[in-house]
Amino acid sequence: MSAILPDPRLRADASDTPYAQLGGEAALRALVDRFYDLMDLEPGLRELRALHPSTTEGSRDKLFMFLSGWLGGPDLFVERHGHPRLRARHLPYAIGVRERDQWLACMAQAMQECGVDAVLAERLKASLANTADWMRNQGV
């Protein structure tokens with residue numbers, strides 16, 4: 001379970017969660033939207049984009065809801081869909097090192113472009129790297 005949750009030290013109290021540090025709902029929505037926009041814009045993210053449906057509205061909403069709770073904000077994903085079961089939900093997709101690395105690069109670029117505080121971004125990247133690696137179901 002720890003692979004899908006951020007470092008518990010990031011959740012000191014509700015006003016000091018990564019969700020609050022990020023800027024709450026509007027900032028998280030902007031980050032998720034930029035993440036998916038980059039997938040459509042950057043040729044180096046082709047394999048990652050190919051794992052998603054032709055339209056990304058549903059994916060955007062699910063990532064937003066998941067990250068909201070994961071970052072210490074409202075647990076929207078669980079309220080709507082139940083336990084995230086991230087690995088099980090991603091098993092139908094071939095996720096290897098390339099896809100993992102593209103996902104992480106896309107999120108890092110989105111955080112940078114959205115002006116996420118550098119210290120927070122580094123902490124999130126470390127936690128996200130663990131989760132992204134856990135999603136891999138292909139050796140390469």
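Me: Before anything else, what is an axis here, and over which angles do the values run?

Reply: An axis is a line fitted to C-alpha atoms, for helices over the stretch in contact, and angles run from 0 to 180 degrees between N-to-C directions. One caution before we start: this is a predicted model.

Me: Okay. How are two packed helices described?

Reply: You give the angle between their axes and the distance between the axes. Try α2 and α7: they pack at an angle of about 125 degrees, with their axes 9 Å apart. That makes α2 oblique to α7. The crossing of this pair, α2 and α7, is right-handed.

Me: Which residues of α2 and α7 meet?

Reply: On the α2 side you'll find Leu31, Arg34, Phe35, Leu38 and Met39. They meet Trp103, Cys106, Met107, Gln109, Ala110, Met111 and Glu113 in α7. Sort the residues of this contact by kind and you get nine nonpolar, one polar and two charged.

Me: How do α7 and α8 cross, and at roughly what angle?

Reply: Helix α7 covers residues 97-113 and helix α8 covers residues 118-135. Their axes come within 10 Å and cross at roughly 160 degrees. Angles over 145 count as roughly antiparallel, and α7 and α8 are therefore roughly antiparallel to each other. Here too, α7 passes α8 in a right-handed crossing.

Me: And which residues make that contact?

Reply: From α7, it's Arg100, Trp103, Leu104, Met107, Ala108 and Met111. From α8, it's Ala121, Leu124, Lys125, Leu128, Ala129, Ala132 and Asp133. The split for α7 with α8 is 10 nonpolar, no polar and three charged.

Me: Met111 keeps turning up. What is Met111 in contact with?

Reply: Skip its neighbours within four places in sequence, and Met111 is in contact with Leu31, Val116, Ala121, Leu124, Lys125 and Leu128.

Me: What about the largest nonpolar core: how many residues has it?

Reply: Picture buried nonpolar side chains joined through atoms within 4.5 Å. The largest such core has 32 residues. Those with the most contacts inside it are Leu28, Phe35, Leu63, Leu67, Leu71, Met107 and Met111. Helices α1, α2, α4, α7 and α8 each supply at least two residues of this core, and α2 gives the most, with seven residues.

Me: Is Asp33 buried, partly exposed or exposed?

Reply: Asp33 has its place in helix α2. Its relative accessibility is 25%, so Asp33 counts as partly exposed. You can also look at a pair: Asp33 and Thr56 are 23 residues apart along the chain, and their C-alpha atoms are separated by 9.6 Å.

Conventions:
Residues are numbered from 1 along each chain as its sequence is written. This is a predicted model: local features need pLDDT of at least 70, side-chain atom pairs count only at pLDDT 80 or more; totals for chains, interfaces and linings use all residues. Side-chain values use heavy atoms; hydrogens and water are left out. Helices (H or I, at least four residues) and strands (E, at least two) are DSSP runs, numbered from the N terminus. Angles under 35 degrees count as roughly parallel, over 145 as roughly antiparallel, 65 to 115 as roughly perpendicular and the rest as oblique. A crossing is left-handed if the near helix is turned anticlockwise from the far one by less than a right angle, and right-handed if clockwise. Contact means heavy atoms within 4.5 Å. Ala, Val, Leu, Ile, Met, Phe, Trp, Tyr, Cys and Pro count as nonpolar, Asp, Glu, Lys and Arg as charged, and the others, Gly among them, as polar. Buried means under 20% relative accessible area, exposed over 50%, partly exposed in between (1.4 Å probe, protein chains only).
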